[in-house]
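Let's take a friendly look at this protein together. Keep the 3D view open as you read, and find each residue as it comes up.

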Amino acid sequence: MDRGRKREYHNLRRPGVKTGWLVLAIFAVVYYFFYNFDFTALIGDASMEALESSGSIAVNVYAGLGAAAILPAFIENFVANGVAEEILYRGFLCKRLCGRFGSVRGVILQAVLFGAMHNLLYLAAGIPVGADYHILMFLFTGTAALLLGFLNEKIYNGSIIPSILLHGGGNFIATMAAAFGLW
């Protein structure tokens, strides 16, 4: 396999902005407000209780640990979530789906798969959340995947590095908030 083909597979290449800075600024504002929206206010009490008591939820593992959580959470959030999920979903699946169905349909399809995968993880872990949580989780993670797919395909010339940084960074900030008891 030649070097160019290998680089195309994972899209870990230097990002080049292919849109104007206004589009990038609008994306940044939309992503910021989206990521800071507290959708847990829309979840029923039974689902919230199941989430808060589950040892299978990554954020719960680090809750209250303070500074001791920084390194393990950084590794988990950036390597396991940021790098692994972005290479699989935006680097591999999105590229294949965009090549086959066009960039808009490809980005939408990878977002649907990403949202569904998060629901399947809760089902596989046996966390007894209700339909309210599954619907909101699908919409939240699917929308995040839609935004990150758009970021890669339409703003950063196919590079997944920006989405790795946003995905890992967002998860890390949420984990640190739990580790230091900020929510």
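## A salt bridge between two helices

In this predicted model, lysine 95 pairs with glutamate 153 in a salt bridge, and their closest N and O atoms are 2.3 Å apart. This pair ties together distant parts of the chain: lysine 95 belongs to helix H5 and glutamate 153 to helix H7, 58 residues apart.

Are these two partners buried or exposed? Lysine 95 counts as buried because its relative accessibility is 16%, and buried means under 20%. Glutamate 153 is buried too, with a relative accessible area of 12%.

## A salt bridge within one helix

The structure has two salt bridges. Another pair to find is arginine 90 with glutamate 86, where the closest N and O atoms are 2.7 Å apart. Both residues sit in helix H5, four residues apart, or about one turn of the helix. Arginine 90 and glutamate 86 are both buried.

## The largest pocket

Now look for the largest pocket, with a volume of about 1500 Å³. It is lined by 47 residues, and those closest to its centre are Tyr35, Val59, Asn171, Ala174 and Trp183. Which helix gives the most to this lining? That is H8, with 10 residues. By class, the lining has 29 nonpolar, 13 polar and five charged residues.

## A nonpolar patch on the surface

Finally, turn to the surface, where Ile70, Phe180, Leu182 and Trp183 make up a nonpolar patch. Together they have about 500 Å² of accessible area. Leucine 182 lies in the segment after H8 and is exposed, with a relative accessible area of 67%.

Conventions. Residues are numbered from 1 along each chain as its sequence is written. This is a predicted model: local features need pLDDT of at least 70, side-chain atom pairs count only at pLDDT 80 or more; totals for chains, interfaces and linings use all residues. Side-chain values use heavy atoms; hydrogens and water are left out. On a 1 Å grid over the protein atoms alone, a cavity is a set of points where a 1.4 Å probe fits but cannot get out, and a pocket is an open set with protein on both sides within 12 Å along at least five of seven lines; lining residues have an atom within 4 Å of a point. Grid points are joined across faces, edges and corners, and a volume is the space filled by probe spheres set on the points. Ala, Val, Leu, Ile, Met, Phe, Trp, Tyr, Cys and Pro count as nonpolar, Asp, Glu, Lys and Arg as charged, and the others, Gly among them, as polar. Patches are made of residues with over 30% relative accessible area and no salt bridge: like charges are joined within 9 Å, nonpolar side chains (Val, Leu, Ile, Met, Phe, Trp, Tyr) within 5 Å. Accessible areas come from the Shrake-Rupley method with a 1.4 Å probe; for residues, only the protein chains shown count as cover. A salt bridge is a side-chain nitrogen of Lys or Arg within 4 Å of a carboxyl oxygen of Asp or Glu. Buried means under 20% relative accessible area, exposed over 50%, partly exposed in between (1.4 Å probe, protein chains only).
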